[in-house]
Amino acid sequence: MHIDAQPFPYSFDVARTALVIIDMQRDFIEPGGFGETLGNDVALLEAIVPACKAVLSAWRRAGGLVVHTREAHAPDLSDCPPAKRLRGNPTLRIGDAGPMGRILVTGEPGNQIIPALAPVDGEIVLDKPGKGAFHATPLHALLQGAGITHLLFMGVTTEVCVQTSMREANDRGYDCLLLEDCTESYFPHFKAAALEMIRAQGAIVGWTAPSAPLLAALQA
Ligand code: C5J
């Protein structure tokens, strides 16, 4: 399969490609979660949900592998170093009790993937304590075991967990495409810059494309 992308067309085989959905969890997307406590306008992120849902549905129909990640820490925060917990000036920190349970803690209501993109049986769901999806998770082993060589990325936030995960994936040898209308940042200029960085210098980290050509290719 080939789709129009920047900086040049992206080719992949569905059987060797996984759709990786980064951190579409209530804490970041819904009002009252961690994202909002950091002073962000979560409506910006909520706006990508319909496009993400359309891609997820089409990818499921095509029989492709789906990976969902959640930024999540153990209840005792043993996997959350002070360098992460103490950054910023939020009204609530990781592990504190918030309106949707303890912030970014495994199993809490705010840590669940939003209902519109909820995982189904057979999909991989990974809790990741870092920004990158490969740090302290079995993701690389699971993808290698499934014969995956290519990754399609969606999710939030573009310049933090998505970009970090794409860079980790690129270092591990995966050809990565970021779906432009299926990712968002609390800072639109950071999203724009991240997309440019990713595809600069001949796709130094990977490709970017809107979801429309992917949906058309999957339907053809
Ligand atoms: C952040 C993420 N922004 N998923 N997490 O802290 O991008």
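This report walks through a predicted model, taking the ligand site, the unusual backbone spots and a few individual residues in turn.

## The ligand and its surroundings

Let's start with the ligand. Around it sit D23, F28, E71, V156, T157, V160 and C161. Three of these residues come with specific polar distances. A side-chain N or O atom of D23 is 2.7 Å from a nitrogen atom of the ligand, and for the side chain of E71 the corresponding distance to a ligand nitrogen is 2.9 Å. T157 uses its backbone instead: one of its polar backbone atoms is 2.8 Å from an oxygen atom of the ligand.

How much of the ligand's own accessible area does the protein cover? Taken on its own, the ligand has 230 Å² of accessible area, and the protein covers 88% of that. As for where it sits, the ligand takes up the space of the largest pocket.

## Two cis peptide bonds

Most peptide bonds are trans. With that in mind, two spots in this chain are worth a look. One is the bond joining Q6 and P7, which is cis with omega at about 5 degrees. P7 belongs to the loop between β1 and β2.

The other cis bond runs from V156 to T157, with omega near -15 degrees. Here the bond brings us back to the ligand, since V156 and T157 are both among the residues surrounding it. T157 is placed in the loop between β8 (150-156) and α7 (158-171).

## Two positive phi angles

Most residues other than glycine have a negative phi. L104 is not a glycine, yet its phi is positive, at about 55 degrees. You'll find L104 in the loop between β6 (101-102) and β7 (124-128). Is L104 buried or exposed? It is buried, because its relative accessible area is 0%, and the cut-off for buried is under 20%.

Q201 also has a positive phi of about 55 degrees without being a glycine. This residue is part of helix α8, which spans residues 188-203. Q201 counts as exposed because its relative accessible area is 67%, where exposed means over 50%.

## T158 and K191, a pair in contact

Right after T157 comes T158, which is in helix α7. With a relative accessibility of 0%, T158 counts as buried. Beyond its sequence neighbours within four places, T158 is in contact with Q163, L178, T183, E184, S185, K191 and A194.

One of those partners, K191, lies in helix α8. Lysine or not, K191 counts as buried, because its relative accessibility is 13%. Setting aside residues within four places in sequence, K191 contacts T158, E180, D181, T183, E184 and S185. So T183, E184 and S185 turn up in the contacts of T158 and again in those of K191, because each is within 4.5 Å of them, heavy atom to heavy atom.

## M100 in its loop

M100 is in the loop between β5 (97-98) and β6. What makes M100 count as buried? Its relative accessibility is 8%. Leaving out neighbours within four places, M100 is in contact with R26, D27, E30, P31, G32, G33, E108, P109 and G110.

G33 deserves a second mention. Along the chain, M100 and G33 are 67 residues apart, while their C-alpha atoms are separated by 6.5 Å.

## P9 and S11, towards the start of the chain

P9 is in the loop between β1 (2-3) and β2 (10-11), which is also the loop that holds P7. P9 counts as partly exposed, with a relative accessibility of 48%. Not counting residues up to four places away, it touches I3, D4 and W207. For a sense of distance, P9 and G145 are 136 residues apart in sequence, and their C-alpha atoms are 27 Å apart.

S11 is in strand β2 and is partly exposed too, at 36% relative accessibility. Outside the four places on either side, S11 touches M1, H2 and H150. Its side chain makes a polar contact of 2.7 Å with the side chain of H2. S11 and G101, which are 90 residues apart in sequence, have C-alpha atoms 42 Å apart.

Terms used. Residues are numbered from 1 along each chain as its sequence is written. This is a predicted model: local features need pLDDT of at least 70, side-chain atom pairs count only at pLDDT 80 or more; totals for chains, interfaces and linings use all residues. Side-chain values use heavy atoms; hydrogens and water are left out. Helices (H or I, at least four residues) and strands (E, at least two) are DSSP runs, numbered from the N terminus. Buried means under 20% relative accessible area, exposed over 50%, partly exposed in between (1.4 Å probe, protein chains only). A residue is near a molecule or strand if one of its heavy atoms lies within 4 Å of it. A polar contact is a pair of N or O atoms within 3.5 Å; within protein, one must be able to donate a hydrogen and the other to accept it, and residues adjacent in sequence count only if both atoms are side-chain atoms. Accessible areas come from the Shrake-Rupley method with a 1.4 Å probe; for residues, only the protein chains shown count as cover. On a 1 Å grid over the protein atoms alone, a cavity is a set of points where a 1.4 Å probe fits but cannot get out, and a pocket is an open set with protein on both sides within 12 Å along at least five of seven lines; lining residues have an atom within 4 Å of a point. A molecule sits in a cavity or pocket if more than half of its atoms lie within 2 Å of its grid points.
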